[in-house]
Amino acid sequence: MFPILRSFRIHPLCLVIAGLLLSACNGSSDSTPAPVPPPPPPPEPPVKLLGESMVGKQFKPGGIAVDASGTIYVGNGSPEQLPSSVITGAVIEVVKMSQTGTVSPFINRTSTYIGEGAAVAPGEVVQLVFNSTSQTLYALEMSGMDSSYSHGVIRSISAAGVVGTILLADTPTHANYSQLPTTIAQRPVALAIGPDGALHAYGTGDYAPSSTPGVGYFGVSFNGWQTVNPDGSGRVVYSQESGHRTGGYDPRGPFTYTYPADLGATAGRLGRNDGGLAVDSVGNGYIADTARHAIIKVTPTGSASMFAGAVTQAGSADGTGTAARFNQPTQLVVDKAANVFVLDRGNATVRKITPAGVVTTVLGVAGQAQTKTGELPGGLGAPMGLAMDAEGRLYVTVDKGVVRAKLP
């Protein structure tokens, strides 16, 4: 038989505890479920297009620079910014852009111009560089993107938007010959900021050949890399020069010279049209010889050598040193590891050159000049300006705006 259970009283406190335990196990009918966090946003693609809103008939993206805070500066690369009916003085146009692509005006027709040369008629803003030490933006304006520039002007732009003008000082020639010019006027074709914050320029100049009774026919040409002071003077780090004279009444007869005499290190004279310039952390200079499709390296003491590419041999081949091929390389930037990045305009690509001279293509596809975003290598339509920010991201002005690329 089963034992008879005796009845017993349950203490009220036990009932309360039991109820709490049951509620914890089964949940309360009026409890609110914990919120579910939203899914993380998809990762941003490596290649993104910014600032499409600024592209138009009166503004074509040209030179580009990025300051330490990530603000992007874009210059107008279109000659249509200067209708002759409204020119009253110096005019350039530069806009600011945020990393989200928001565009705001910066330099325009109402900006303040100061200093000698302020009334020099401007052209396209083909390059911008930013000095993070002085917070100064430098703009290089040219009269056209071809081999027959009529002038080049450097504009210094303060954070407040005050614009000054820098004209390169005349450079002494090496002729040492009384019938030839003793100085030659330069025009800048590329800018760079050195490791100490100094402004550098690659410039070219010509003393137009002329014929004068008793003097004869003569001409002088110059190109070289120099530092640039606020008054346009500076130290010439490396230069090449040639001159000639024929005819006239001088009994010494025809005269020619080349400086330096041995151009073997650069396989001849550097090109005479637009170019590129960059200076690394130890002061080495890199010159994009656009016309000859090559990159030249110059040490701080002025020793030049072929760095990458083969002169007069256009192409798109990756490789090491002179085995690589470029097609109209223009603007250059250097990262913290001394890698040189080249805007290879004729190929619509960006090329990377390691300190050992190894060339690879990192952005764009050779022969496909159309803007493409998403995954690398992306695409570049009519590229013109090149910049790099503190994080190592590349910025290229293209037909549709600004391409920002994050490399692996």
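Me: So two strands pair if DSSP finds at least two bridges between them. How many bridges join strand 20 to strand 21?

Reply: Four, and the two strands run antiparallel. Keep in mind as we go that this is a predicted model.

Me: Got it. Which residue stands opposite Met306 there?

Reply: That's Ile296, which faces Met306 of strand 21.

Me: And what's in the turn of that hairpin?

Reply: Five residues lie between strand 20 and strand 21, and Gly302 in the turn has a positive phi of about 90°.

Me: What about the other hairpin, how do strand 19 and strand 20 pair?

Reply: In the antiparallel sense, over five bridges. Asp289 has Ala294, in strand 20, as its bridge partner. Four residues sit between strand 19 and strand 20 in this hairpin, where His293 takes a positive phi near 60°.

Me: Is strand 20 mostly covered or mostly open?

Reply: Mostly covered, with four of its five residues buried.

Me: Let's zoom out. How many helices and strands are in the protein?

Reply: There is one helix, along with 29 strands. The protein has 408 residues, and 49% of them count as buried.

Me: How much accessible surface does the protein have?

Reply: About 19400 Å², with carbon and sulfur atoms accounting for 58% of that surface.

Me: And what share of the contacts join residues at least 24 apart?

Reply: Taking contacts between residues at least 6 apart in sequence, 49% of them do.

Me: Now the inside. Which residues touch the most other members of the largest nonpolar core?

Reply: Ile154, Leu191, Leu199 and Ile287 do, in a core of 27 residues. Several strands give two or more residues to this core, including strand 7, strand 8, strand 14 and strand 20. Strand 13 gives the most, with four residues.

Me: Is there another core, and what does it include?

Reply: A second, separate core has 17 residues, among them Val350, Val362, Leu394 and Val396.

Me: Back to Leu199, what is it in contact with?

Reply: Setting aside neighbours within four places in sequence, Leu199 is in contact with residues including Val129, Tyr138, Ile154, Ile166 and Leu191. Val228 is also one of the contacts of Leu199.

Me: New topic: how many aromatic pairs are there?

Reply: The structure has three. One of them is Tyr73 with Phe130, a stacked pair with 5.7 Å centre to centre and 10° between the planes.

Me: Why does that pair tie together separate parts?

Reply: Tyr73 is in strand 3 and Phe130 is in strand 7, so the pair ties together parts 57 residues apart in sequence. Both Tyr73 and Phe130 are buried.

Me: Why is the Tyr286 and Phe307 pair tilted?

Reply: Planes under 30 degrees apart count as stacked and those over 60 as edge-to-face. The planes of Tyr286 and Phe307 are at 50°, so this pair is tilted, with ring centres 5.3 Å apart. Tyr286 belongs to strand 19 and Phe307 to strand 21, 21 residues apart, which links distant parts of the chain.

Me: Is Phe307 buried or exposed?

Reply: Buried, at 9% relative accessibility. Tyr286 is buried too, with a relative accessible area of 3%.

Me: Last one: what sits over the ring of Phe106?

Reply: The charged end of Lys96 does, 4.8 Å from the ring centre. Phe106 also forms one aromatic cluster with Tyr73 and Phe130. Elsewhere, Arg351 lies over the face of Phe326, at 4.9 Å from the ring centre.

Key:
Residues are numbered from 1 along each chain as its sequence is written. This is a predicted model: local features need pLDDT of at least 70, side-chain atom pairs count only at pLDDT 80 or more; totals for chains, interfaces and linings use all residues. Side-chain values use heavy atoms; hydrogens and water are left out. Rings of Phe, Tyr and Trp (its six-membered ring) pair if their centres lie within 6.5 Å; planes under 30 degrees apart count as stacked, over 60 as edge-to-face and the rest as tilted. Buried means under 20% relative accessible area, exposed over 50%, partly exposed in between (1.4 Å probe, protein chains only). A charge sits over a ring if NZ of Lys or CZ of Arg is within 6 Å of the ring centre and within 35 degrees of the ring normal. Contact means heavy atoms within 4.5 Å. Accessible areas come from the Shrake-Rupley method with a 1.4 Å probe; for residues, only the protein chains shown count as cover. A nonpolar core is a set of buried Ala, Val, Leu, Ile, Met, Phe, Trp, Tyr and Cys residues joined through side-chain atoms within 4.5 Å.
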